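Q: Please take a close look at the aromatic pairs in this structure, then set them among the other contacts and the overall fold. I am new to it, so a plain account will do.

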Amino acid sequence: MNKEWDRLVAFLNGLAGATELLNRAGKNGFSIEAVCLSANIIDAQLRIGIILKHQIETKRREVPIEYLFQEEKGKKYSERDIFKIAKAKEVINDDLFQKLSNIYDDRNRVIHRYIVTDITTAKVLDI
């Protein structure tokens, strides 16, 4: 196998692992972990969509690994970057882009401001 396909396999294994952890978090009522893992899974699915769109447009099997792997000093794509790229490439429409942006903001409230805001575990379940 080549480097692109090795990275794709590793990426898909990570996605499967995150999905398994999400299921476990849901079963055990670990809502904050579920929010984090859900955000990761959404990001991963959009990255796959971007790659598939690239392959459709180029009519080639190449896999742009910059969406699958981030080197320590290489280019990094944040979740918000991925949302914007997916919208620009028409992987998602404007409505879904806005919904994902709102979810991203909610996730950030959970992760970065859980203690210093009025957010409660019950509200996390709504997210």
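**Aromatic pairs and their surroundings**

A: The count of aromatic pairs comes to two. In one of them, the ring centres of Y67 and Y77 are 5.1 Å apart and the planes meet at 25 degrees, so this pair is stacked. Y67 and Y77 each lie in the loop between helix 2 and helix 3, so the pair ties together parts that are 10 residues apart in sequence. Y67 has a relative accessibility of 9% and therefore counts as buried. Y77 is buried too, because its relative accessible area is 16%, and the limit for buried is under 20%.

The other pair is formed by F83 and Y104, and its geometry is edge-to-face, with 6.0 Å from centre to centre and 85 degrees between the planes. This pair links distant parts of the chain, since F83 belongs to helix 3 and Y104 to helix 4, 21 residues apart. F83 counts as buried at 4% relative accessibility. Y104, with a relative accessible area of 15%, is buried as well.

All of this is read from a predicted model. Its chain holds five helices and zero strands, so the order of elements from the N terminus is α-α-α-α-α. The C-alpha trace spans about 50 × 30 × 30 Å along its principal axes. Of the 127 residues, 31% count as buried.

Helix 3 and helix 4 are also linked by charge. E79 forms a salt bridge with R107, and the closest N and O atoms are 3.1 Å apart. E79 sits in helix 3 (residues 79-88) and R107 in helix 4 (residues 94-113), 28 residues apart, and the pair links distant parts of the chain. Both E79 and R107 are buried.

This salt bridge is one of eight found in a search of the whole structure. Another lies within helix 4, where D95 forms a salt bridge with K99 and the closest N and O atoms are 3.3 Å apart. D95 and K99 are four residues apart in that helix, about one turn. An α-helix has 3.6 residues a turn, so residues three or four places apart point the same way. D95 counts as partly exposed at 46% relative accessibility, and K99 counts as partly exposed at 47%.

A further salt bridge joins E62 and R60, with the closest N and O atoms 3.4 Å apart. The two residues fall into separate classes of exposure: E62 is partly exposed, with a relative accessible area of 25%, while R60 counts as exposed at 51%, because the class of exposed begins over 50%.

Aromatic rings also take part in contacts with charged side chains. The charged end of R7 sits over the ring of F69, 3.4 Å from the ring centre. K87 lies over the face of F97, and here the distance to the ring centre is 4.8 Å.

Helix 2 comes before the loop that holds Y67 and Y77. Helix 2 (residues 31-58) has 28 residues and reaches 40 Å from its first C-alpha to its last, close to the 40 Å expected at 1.5 Å a residue. K59 follows helix 2 and has a positive phi, near 55 degrees.

Helix 2 also takes part in the largest pocket, which holds about 280 Å³ of space. There are 14 lining residues, and the closest to the pocket centre are F11, N40, D43, A44 and R47. Helix 1 (3-28) and helix 2 are the elements that give two or more residues to the lining. Helix 2 supplies the largest share, five residues.

Helix 1 includes A10, which counts as partly exposed at 44% relative accessibility. The C-alpha atoms of A10 and L68 are separated by 8.6 Å, although the two residues are 58 residues apart along the chain.

To return to the request: the stacked pair is Y67 with Y77, and the edge-to-face pair is F83 with Y104. The stacked pair lies in the loop between helix 2 and helix 3, whereas the edge-to-face pair links helix 3 with helix 4.

Technical notes:
Residues are numbered from 1 along each chain as its sequence is written. This is a predicted model: local features need pLDDT of at least 70, side-chain atom pairs count only at pLDDT 80 or more; totals for chains, interfaces and linings use all residues. Side-chain values use heavy atoms; hydrogens and water are left out. A salt bridge is a side-chain nitrogen of Lys or Arg within 4 Å of a carboxyl oxygen of Asp or Glu. Buried means under 20% relative accessible area, exposed over 50%, partly exposed in between (1.4 Å probe, protein chains only). The expected span of a helix is 1.5 Å times one less than its number of residues. Rings of Phe, Tyr and Trp (its six-membered ring) pair if their centres lie within 6.5 Å; planes under 30 degrees apart count as stacked, over 60 as edge-to-face and the rest as tilted. A charge sits over a ring if NZ of Lys or CZ of Arg is within 6 Å of the ring centre and within 35 degrees of the ring normal. On a 1 Å grid over the protein atoms alone, a cavity is a set of points where a 1.4 Å probe fits but cannot get out, and a pocket is an open set with protein on both sides within 12 Å along at least five of seven lines; lining residues have an atom within 4 Å of a point. Grid points are joined across faces, edges and corners, and a volume is the space filled by probe spheres set on the points.
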